[in-house]
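Reader: Hi! I am new to protein structures, and I would love a close look at the sheet in this one. Could you walk me through it?

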Amino acid sequence: MRRMALLVLLCATLVGCAAIADLATLQSHIQDAGYKNVSLHHRSHNGTDFLEITASGSDPDKVAEIVWDTYPEHLDHVSITLNGTQKDYSEADLRSAFGERQVTEKPDDDTDVMKSVITWLIVGAVVVLLLVAGVIILIVMLVRRSDRRKARQPHHPGRPPAGPPPSA
């Protein structure tokens with residue numbers, strides 16, 4: 001069970017490292033376009049991917065285009081705040097404004113990770129159930145073997161039989 005938890009943690013860490021690298025690359029692209037004080041936050045909530053960007057600059061549509069064309073992670077909603085003014089974009093808004101993405105979009109890994117975690121949990125539960133069933137079968141076999149040995153022991157006339165003392 002600990003190995004399975006360690007494997008799930010390792011997979012989540014590797015997925016997280018890739019996402020951090022993608023965010024760092026996107027931040028560089030936005031800064032290269034002349035925007036300052038850029039901060040990014042990608043989060044998922046109930047299967048919806050949000051990207052929040054805060055920066056100093058003048059054109060939120062230019063930032064949205066950079067995101068759409070260079071950030072490979074799946075996006076459902078982008079929120080861009082420039083100089084305190086916020087503008088929100090849905091995936092449909094981005095697609096209609098900028099066309100098809102210029103970058104190959106990575107699959108929406110939230111569902112893939114959840115599917116693999118659920119699969120491993122099911123496999124783990126089946127293994128645990130099989131182990132419990134095996135232990136129960138082993139206990140039953142040992143108890144039966146012990147009962148047979150007691151039944152085969154010869155009764156000596158001078159000795160009381162093995163087992164509980166006779167009731168008075």
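Author: Happy to; here is the sheet, followed by the helices and some side chains.

A word on the source: this is a predicted model, in which local features need pLDDT of at least 70 and side-chain atom pairs count only at pLDDT 80 or more, while totals for chains, interfaces and linings use all residues. Residues are numbered from 1 along each chain as its sequence is written, and side-chain values use heavy atoms, with hydrogens and water left out.

Let us start with the sheet itself. It is open and built from four strands in the order β1-β2-β3-β4, with mixed pairing. The edges belong to β1 (36-45) and β4 (85-90); each has a single partner strand, so one side of each is left without a neighbour in the sheet. From one strand to the next, the twist averages 15°. Helices (H or I, at least four residues) and strands (E, at least two) are DSSP runs, numbered from the N terminus, and two strands pair if DSSP finds at least two bridges between them.

Now look at one pair of strands. Strand β3 (residues 77-82) and β4 run antiparallel and are joined by six bridges. Among the residues involved, I80 has K87 in β4 as its bridge partner. In the loop between β3 and β4 you will find N83. Its phi is near 55°, a positive value in a residue other than glycine. N83 counts as exposed, at 54% relative accessibility (buried means under 20% relative accessible area, exposed over 50%, partly exposed in between, with a 1.4 Å probe and protein chains only).

Over in strand β1 there is N37. The phi of N37 is near 50°, again positive in a residue other than glycine. N37 is exposed too, with a relative accessible area of 63%.

Next come the helices. Helix α2 (residues 60-70) lies across β2 (48-56), β3 and β4, at about 140° to β3. Helix α3 (residues 91-98) lies across β3 and β4, at about 85° to β4. Contact here means heavy atoms within 4.5 Å; axes are lines fitted to C-alpha atoms, for helices over the stretch in contact, and angles run from 0 to 180 degrees between N-to-C directions.

Finally, two charges sit over rings. R43 lies over the face of F50, 4.5 Å from the ring centre, and the charged end of R101 is over the ring of W68, 4.7 Å from its centre. The cut-offs are NZ of Lys or CZ of Arg within 6 Å of the ring centre and within 35 degrees of the ring normal.
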